Every structure is written in C-alpha cells, then in structure tokens.
Amino acid sequence: MSQVGTPVPHESAEGHVTGTAAYIDDLPRRERELYVGFVGSPVAAGQLAAIDIKDAAAVDGICCVLTHRDLGGPNHFGPIISDEPFLVADEMAYLGQPVVVVAGGTPDAVAAACRRVKLEYEERQPVLEIDDAVRREEFIGPRRHMTSIGAEDDAAFEAVFTRAKHTVSGRFHCQGQEQFYFETQAALAELGEAGEVRVISSTQNTTETQQVVAEALGVGMHQVVCVCPRMGGAFGGKETQSALTAVMVAMVAKRTGRPARLVLPRGVDMAITGKRHQYRANYRIAFDDAGRIAAAELAFYSNGGAYADLSTSVLERTMLHADNAYHIPLMRVTGQVCRTNLPPNTAFRGFGGPQGMSVIENGIEMIAETLGRDAMEVRRANLYQDGNPDRSVTHYGQIVRDHVLEEIFDQLAESSHYHQRRAEIEQFNRTSPTHARGLAMSPVKFGISFTTKFLNQANALVNVYTDGTVQVSTGGTEMGQGLNTKLQQVVADEFGLPLGSVQMMSTSTEKSNNTSPTAASAGTDLNGAAAVEACRKIKHRMRAFAATLLADRDKGLVASPEHICIAGGMVYDDRDCDPDAKISFGEFCNLARRERIDLGARGFFATPGVDYNRETGRGNPFYYYTTGAAVAEVAVDRLTGELVFDRADLLMDVGKMINPGVDRGQVIGGFMQGVGWVTNEDLRYDNEGRLLSTGPTTYKIPNITDLPREFNVDFIANPMHVKNIRQSKAVGEPPLMLALCVWLAARNAVSYVAQGQPFEMAIPATGEELLMTMSQLGKPATKLSAASGNGAASPSKAGAPAKTP
C-alpha cells in the first residue's frame, strides 16, 4: 500500500495531545544548569553612556553578568545586512533591546540581578510610524523598482491614465501581526569536552543559528552544533529572530562551562520580537467600463523596525505579488523599507505577499463600486489566462502557466451558490436598518521558491539498517506543519516499507550542513526531493546487488537490475513468479551489508529554473504557483461595528497531496490565521514605542467562536501540474491570503452603507475600524478618489497619480 496520498496522523500527534512531545522548556534540567535572563533597553531610542554591573554581579547565586565586551567576535549580525548588534554597545534602537545578559542558579537570583544593573543613557525622540520615517528619510536599503515591459516610458505610461475611462487612486494601510507561536523563543546551550558548543534551539534555521553563534563567540562553525528536535510553532518568527536567545545562552555556557537555558516569557517575547510588517501603499489604477485594468502604479512603504532583518526580502515578495492573480498590462511597482524604533520586523507566513495582494484587492473593490458591478465579475475578467500569451506574463516577466485559475473561479461560484446569495444579500440590505451583509470572492496566486536563488537547495541523509529500518535526517525543521510526516511517507514509499519502519531524526547541523531555513512553503519540496535522491542512490546499489543475488540460470534469469523490485517489504525479480524467491527487505539489507554494499547516502536537490535579477526586477523567481480562491459572507452591525463571519467556501489547487489530512489542516489553519490578521488582531503601541497588546487578554487571535458558521473546503485537480515531488504543491502559506475575502466581504457590507460614496478602510477590520469607517460616511472625502473620464466630480482629477513622498 502506498503511503503517499494517505491521511496518516501527524508523526508527533500522540505526543502533542498527551503532553509527551518535549519542547525546550520540557527538557530535563542538566546538572549545574544556569538560568539566563537579560536587561533590555529602557527606551525606544537613546544613546547608551555607561553600564554598571557591579551590584548585579554581587547578588548571591549569580555566576556571570555579560555585556557586549564579552563577545568573542564582532557585535553585529543580520541575514542580509549585518546591522543588528547582539548586545547594545552605544545606540539603543528599540524598547527592550538586549543590553546585559545575566546568568545564575535560580530564576529569583537572575531577576534580582537584572534589577540591579544600572544604565546611563540619553533618551531621544523615537520614530514609530511610517509617515514619520518617510519625512525624516529614515530608510533601510535602497528604493526598489519593478516595471513591466511597455511601462518604462513616463509619457506613454501617463497617457494610459489620461485616456482611461476611469481611474481610482488612494492610500491603503494594513497593520502588522504577531506570530503568536505556542512555544516562545527558547534555547539551551552546553559545552562538549573539547569546548565545542551544542545549542538546542527552537529555530527554523539551524545553519544560521550555528553561524551566528560561532560569529558571536569568535569560533569556527565546526565548533558549534545546532539541534532542533521540534518547535511549538514558528510561522516565520523563528527564521532569524531565534538567534538572540541562542547567542545569549551560548555566551553563558562558553564563559562558565555550565549548561544554560533561556525561555522567554510570553509578554517579553511579544514585546521584543518582530512581527508581520505594517504597510502603507499609495496606488492608482486605470480601467475601462468592463472593469478591465489597463495600468496600475503602486508605491509600497513597510515598517521595517530598527534593523534590516529580512525586511528587504519581505518587501521584494510584496512587490512580486502586487498583481495577485491578475494580468495587468502596464504596471509600475516601487518599494521602500522604513527604519523605525520598533523591534526589527521579520518573516511571517506569506512573507510580504499578503500586504501586496491586499492593495490590488482593495483597488478591485473600488473599481466595482465605481462601476456599480459585482466585484467577482471584475476579478474574473482580470485573471491570468493559461496559454494566452497576451494575458499570462507578470510585471516581472515570468509566464504564469499550468494553472486553473479560471476553472477555480467558475467552479467555486457554482458550488458556493454565489449569485443566489448575492441576490439574497441585496434584498436583505435594502430592508435591514441594523445590519449590513457582505459577500466577496478573491483568488490567490502565490509563487513557490525562495526569491534568493542560493537558498533553493537542500540535503538529506538516509541510513538503512540491517533489520530493514530507516533513519532520515534533513535540514528541514518541524514546527507542527507536518513536514516530517510527509518526508516519512515519501521515504517509506521509496523503499516499499510500512510507515513505522522509517524514523525522522532531529534536525542537526552535524548531519545536515549548510541548509536553508524551513520557510517559503518549500520545506517538503526541497527536503523531500533531497531525501528521494538519497533513497534512489541507495536503491541503485541495492538493485545491482539484488540482480546478482537473485539471478537463476536454471530459470533463465540473468542479472538485470531493471527487473529488481523493492516493494511491499520485499525484494524480488519481477520475472520470477516463485513466491519463495522473494527476500524480505530486512534480510536483504543484512545480506547486502555482508557483501559490503553501502546502505547510506546523502541526497542533494537544487530547484531548477529559478533565476531572478534584482537589478532589473525581471526573471523567473518561482518554480511554480499555488493557486486557489475563497468566498466569504459576513454580517456587520451598523450600530456597533461587530462583525459575524457566517460562511466560508475555499477551493485550492495544491497538486497531488502527499498527506491530504495534513494539507487540509494547513489550508484551514492558514486561512484562519489570515482571518485573524484582517479582523481582530490589532497591535497597539504607546507613544514611547511600548507594545500594549502583549498577551491573549489584549491581543485577540482567532478562537473557536471566530470560525465561520459554515466552513467548506475543497480541492481541484490540475492535470497540467507535473513538476515537483510526487506532483504535489506547497500549501503552507497560500491559504492565509485567501482570508482577504473576509476583509473584502466586510468592505462590501460597508459599501451598502456608503451608497456610492468612495471610502477607504484599513486592515484589520476590527469593530472599531468598521464603526469609524461607517461613521465617516457622509463627510467630505479626503483620502481617495474615484474619477471617470466623463468629468464626474471627484476629489482629484482623473488620472492624477497617487501622491508619493
């Protein structure tokens, strides 16, 4: 029986529900282990003048108090731009930024010592908002540009807007989002007998953690091993930002020779770690009477926080997904990361894609409102068309091929009874004085691959033992997403074994070196392909040996490796009908070892066909696209702004699923995480840069009552998709962006209240945002324009560009 395509339970499911799956805080305490804490910057912006640690070091039970002077290497790191200090030496750039590391025998001693650290500093006025950063020209990295062919000439581009029958323009805002992983940032470090450092880290990126720890300690990477058995969630928040906790415990272990552990409290974790990036976007779109877009100009500004982290790459993916699933003939996209005095923002599921898509989706709603058309029809008219050279090329020059976007739209409209429900909503909104209902359908086209070419690689180590069991090690990290379960299924199928004969091992840099982060939805694509490559190397040797072993001159069977089958737990020649001629896989492995056949192999995979030029903004950054669409229906209370999510219908093309149960869970979970971003999750800071929403009492992630009352999830076959491991598709991130339909449905509900007035609405659509938007209706419009070529009155001239600082 094939394991691939079967919804087997998650390999750690039993441990998750019984509490036996160990996370870093659950690991038994080591002998003489130290507790680690740190003192953070008391201000969001300031200049550090002096650090006094004498009183802290004198606290009973304290073993060491460390500052930037105790680093063995340079005091800076960063995955793209190395601009972030491990510990503050001079400039304090965000509230809570680590300054002093304290280690002691008890948590109370560490807390007491932290209180006794004295910092002298000069406080400065922090920059917290994008608009302030733009005014002060506080930027990270260069301004980026992407321009479609034909949009390079300024005069020709402007002429399209001048001639357009209609234009819309405005400014769009979307807030950030907290990853809210269940296990906070955590690390445990211990020394080996030769002084080497072993770090057990809750990280998506074991290689980067190894490298950063080595740099901080001033040692070679060969003297550091990073291990990640599992994470209690990550969602991008542990791709780079797990580094600081790892460095702090490694510094303590190296200084004292004792094991050291740090697990951040929830409030501290939320206060000092980066989030999904807040964005502001200026836009203008030209279109015809049918809603067909002729040209679009989008200018993105992201809040990068105090340091670069991954912000420039996040912005790049925003720009690459500014079209979402729509062919826009002429397109200009610019982007700029803004530096502020907040913790450096970082990766989060979707990696900038959601923010890019939200702007064009908002624009399409405005187009529909301007024309008095159903937004679903406008979206359908603008979709990429497979096989049509005039409607299949993106603004960065990649051809969108082998997709079923139009089929998804048509099937979903029918299965969700979209048109019938639209008529019912029209009738309801004409008669209800207290509530407005909204309905929206939106697509997703999400590119799969790292946009940085060298990251599209993976290696795997597969060891087959003489009893016929298998161990698999890869650079992929398990954070609950089911990566190890899928890899276990793939490897079991390669050797024709039951699932229980394959064991996935903890991710470790001493077994899988120079690995990429488990991110970009490519964990299974990359690590699965590498594992298959290793399996096939082993099977090649096995078949050669088996051909000789099973050759039988009396039966006329000459040695022929191509006739050797390894399936069903047996090894046999498919020309031999004698059941006694079959050898059990375990027995065969034992025989092979005795004949000195290598039963281990390292596999390597590099994604083919990806090549993107950042300088020109053109190329093929993606191996393929995962696509889908969703319909959402909501009801908004006109008097309070309360939103009720009534129904969701999702339809996705995720290829041939390796594990339908895991993939379905990823679709539902990703979608609901996106629902949180567009509705209730609201990050609030005070004027000093202090996060006010630091826990579940003040920061509202979706709970069971936020699920739609009716929730339908289905998948569509796509016979054109024949690439990738087992013809599967990545499924981790794309479903999150389908949640935009919930925000769009809320906007649609408000449009009935607006009765033709142009309006802007931000993400998230909290009750406050909805109520304030509805309250503003009827007042003079100042934020946007919807203009027609016939000279209709509007706040700005038709075709005028969105103002950009």
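**Figure 1. C228, a buried cysteine without a partner.** C228 has a relative accessibility of just 1%, so C228 counts as buried. This is a predicted model, and here the sulfur of C228 sits 7.1 Å from the closest cysteine sulfur, the one in C226. That is too far for a bond, since a disulfide needs the two sulfur atoms within 2.5 Å. C228 also closes strand β11, which runs over residues 224-228.

**Figure 2. C589, another cysteine on its own.** How far is the sulfur of C589 from the closest cysteine sulfur? The gap is 12 Å, with C535 holding that closest sulfur, so a bond is ruled out by distance. C589 counts as buried, because its relative accessibility comes to 0%. Going by the sulfur-to-sulfur rule, the disulfide count comes to zero.

**Figure 3. G220, in the loop ahead of β11.** Here we look at the loop that links α6 (206-217) to β11 (224-228), where G220 is found. Is G220 buried or exposed? Neither, quite: its relative accessibility is 24%, so G220 counts as partly exposed. For a sense of the surroundings, take E196, which is 24 residues away from G220 along the chain. The C-alpha atoms of these two residues are 9.7 Å apart.

**Figure 4. The cis peptide bond at P764.** I763 and P764 are joined by a cis peptide bond, with omega at about 10 degrees. Where does P764 lie? Look in the loop between two helices, α19 (740-754) and α20 (767-776).

**Figure 5. H417, with a positive phi between two helices.** H417 isn't a glycine, yet its phi is positive, at about 55 degrees. The residue is in the loop that takes the chain from α12 (405-415) to α13 (418-431). With a relative accessible area of 43%, H417 is partly exposed.

**Figure 6. R726, a positive phi in a loop after β29.** R726 is also a residue other than glycine with a positive phi, this time near 50 degrees. Its place is in the loop between a strand, β29 (710-715), and a helix, α18 (734-738). R726 is partly exposed, as its relative accessible area is 36%.

**Figure 7. T524 and the residues it touches.** T524 belongs to helix α15, which covers residues 523-550. A relative accessible area of 12% makes T524 buried, because the cut-off for that is under 20%. Which residues does T524 touch, leaving aside those up to four places away in sequence? They are L483, K486, A529, I658 and I725.

**Figure 8. Stepping back to the whole chain.** To place the close-ups, here is the full protein chain, with its 20 helices and 30 strands. The C-alpha trace spans about 90 × 80 × 50 Å along its principal axes. A compact globule of 805 residues would have a radius of gyration near 28 Å, and the chain agrees, at 28 Å. Of those 805 residues, 60% count as buried. If you take contacts between residues at least 6 apart in sequence, 80% of them join residues at least 24 apart. The chain exposes about 30,700 Å², and carbon and sulfur atoms supply 50% of that area. As for charge, there are 77 positive and 94 negative side chains, and the centres of the two sets are 2 Å apart.

Methods: Residues numbered from 1 in each chain as written. Predicted model: local features only at pLDDT ≥ 70, side-chain atom pairs only at ≥ 80, totals over all residues. Heavy atoms only, no water. Helix = DSSP H or I, 4+ residues; strand = E, 2+ residues; numbered from the N terminus. Rg over C-alpha atoms; globule rule 2.2 N^0.38 Å. Buried < 20%, exposed > 50% of the residue type's maximum accessible area, 1.4 Å probe, protein only. Contact = heavy atoms within 4.5 Å. Areas by Shrake-Rupley, 256 points an atom, 1.4 Å probe, with all protein chains shown as cover. Lys, Arg positive; Asp, Glu negative; His and termini not counted. Charge placed at Lys NZ, Arg CZ, Asp CG, Glu CD.
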